[in-house]
Number of protein chains: 2
Amino acid sequence: MKAALDLLRDLGVQPTPQRIAVARFVLRTGRHPTADEVLAHVRRTCPTASRATVYNTLNLLVDRGLLRVQVLRGGRAVYDANTERHHHFIDERTGAIHDVPWHAVTVGGTAALDDFEVRDYQVVMRGRKRKH
Amino acid sequence: MKAALDLLRDLGVQPTPQRIAVARFVLRTGRHPTADEVLAHVRRTCPTASRATVYNTLNLLVDRGLLRVQVLRGGRAVYDANTERHHHFIDERTGAIHDVPWHAVTVGGTAALDDFEVRDYQVVMRGRKRKH
DNA sequence: GTTCGTGCAAACGGTTTGCAACAAT
DNA sequence: ATTGTTGCAAACCGTTTGCACGAAC
């Protein structure tokens, strides 16, 4: 994983402390944080960071394709650093969102739909995470 | 399809004109209306109906299992009278949501996931609706 | 000195809630 | 009389926007 500083430089935006803090956290975590969770984390290293700046930076990363937004649980947007195709599993109990590798699930029949030209798809699963 | 009046009676709630109007529209349409679209329709036969009453009635039908809410396009909730398992296709151009029959698409591998006990799933497809 | 980025606060849009009037029982 | 339902308006919550101050080039 390239350093956040370099990523921001590559985007041609000023690598300010706030942006570095947002990028470092959101691009490295395997979780699917909400904007407020990002804000809380960023404030630990950059206490003056504002909600607006966090949203601005997240939207910037989304626009540049380094991040995906999803609205998997009602209302709140979550940010997903995994930009490769994958599926999602939502834990009924905790609401936690987990990535499911693309090849772990097979989907058939989308090409045979008469009415729809499917360009992309994902499987959204719900259930209980197993404790192993 | 049972009459809206009887459905409401079965739920044990008073079948008021507003509730009948909401139930009649939302349970019969094949579309996936937002709350505001329901309100607009309901106002045609029941001009005094308020937004709050529409929301209350929709939530009531959802709680009773006659209706599903989904947040497939960011921000707005849509109400889906199809309570049987099915998939969804979202038109990239119009944002329209279409139901895809359960058997039209096959999904494999969910039972073999080690970490997750999948209790339910759906495929969310995006693309362009074909004009035939 | 012009541009870009920040923090704050206000605005926004969809949804929920508090409440007083009112209908049903 | 008690309970349930309505419409209105205000509150709410996540997100976006306007703006004046400050930093970077």
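1. A good place to begin is A:Arg19, where a polar side-chain atom lies 2.7 Å from a phosphate oxygen of DNA strand C. Please keep in mind that this is a predicted model. A:Thr53 also reaches the backbone of that strand, with an N or O atom of its side chain 2.7 Å from a phosphate oxygen. From the other chain, B:Ala77 uses a backbone N or O atom, 2.9 Å from a phosphate oxygen of DNA strand C.

2. Now for the wider surroundings of DNA strand C. There are 18 residues around DNA strand C, and those that come nearest are A:Thr16, A:Arg19, A:Thr48, A:Thr53 and B:Tyr55. Two or more residues each come from helix 2 (17–28) and helix 4 of chain A, and from helix 4 of chain B. Helix 4 of chain B gives the most, with five residues. By class, this surface has six nonpolar, nine polar and three charged residues. Sugar or phosphate holds 82% of the atoms of DNA strand C within 4 Å of the protein, and bases hold the rest.

3. Turn next to DNA strand D. Here 19 residues lie around the strand, with A:Tyr55, A:Arg76, B:Thr16, B:Arg19 and B:Thr53 nearest. Of the atoms of DNA strand D that come within 4 Å of the protein, 82% are accounted for by sugar and phosphate.

4. Which phosphate contacts are worth a look on DNA strand D? The side chain of B:Thr16 has an N or O atom 2.5 Å from a phosphate oxygen, and the side chain of A:Asn59 has one at 3.3 Å. B:Ser50 takes part through a polar backbone atom, 3.2 Å from a phosphate oxygen. The elements giving two or more residues to this surface are helix 4 (51–63) of chain A, and helix 2 (17–28) and helix 4 (51–63) of chain B. Helix 4 of chain A gives the most, with five residues.

5. How are the two protein chains related? Chain B superposes on chain A by a rotation of 179° with 0.0 Å of shift along its axis, at an RMSD of 0.2 Å. That is the relation of a two-fold axis. The same surface serves both copies, as 100% of the contact residues of chain B recur in chain A.

6. Finally, have a look at the largest pocket, with a volume of about 920 Å³. Of its 35 lining residues, A:Leu72, A:Gln122, A:Val124, B:Leu72 and B:Val124 are the closest to the centre. In both chain A and chain B, strand 1 (68–70), strand 3 (86–91) and strand 6 (116–129) each give two or more residues to the lining. The lining divides into 12 nonpolar, 11 polar and 12 charged residues.

Technical notes:
Residues numbered from 1 in each chain as written. Chains lettered and ligands numbered in written order. Predicted model: local features only at pLDDT ≥ 70, side-chain atom pairs only at ≥ 80, totals over all residues. Heavy atoms only, no water. 1 Å grid on protein atoms, 1.4 Å probe; cavity = no way out; pocket = protein on both sides within 12 Å on 5 of 7 lines; lining within 4 Å. Points joined across faces, edges and corners; volume = space filled by probe spheres on them. Helix = DSSP H or I, 4+ residues; strand = E, 2+ residues; numbered from the N terminus. Nonpolar A, V, L, I, M, F, W, Y, C, P; charged D, E, K, R; others polar. Near = heavy atom within 4 Å. Polar contact = N/O pair within 3.5 Å; in protein donor to acceptor, adjacent residues only side chain to side chain. Least-squares fit on C-alpha atoms with pLDDT ≥ 70 in both. Contact = heavy atoms within 4.5 Å.
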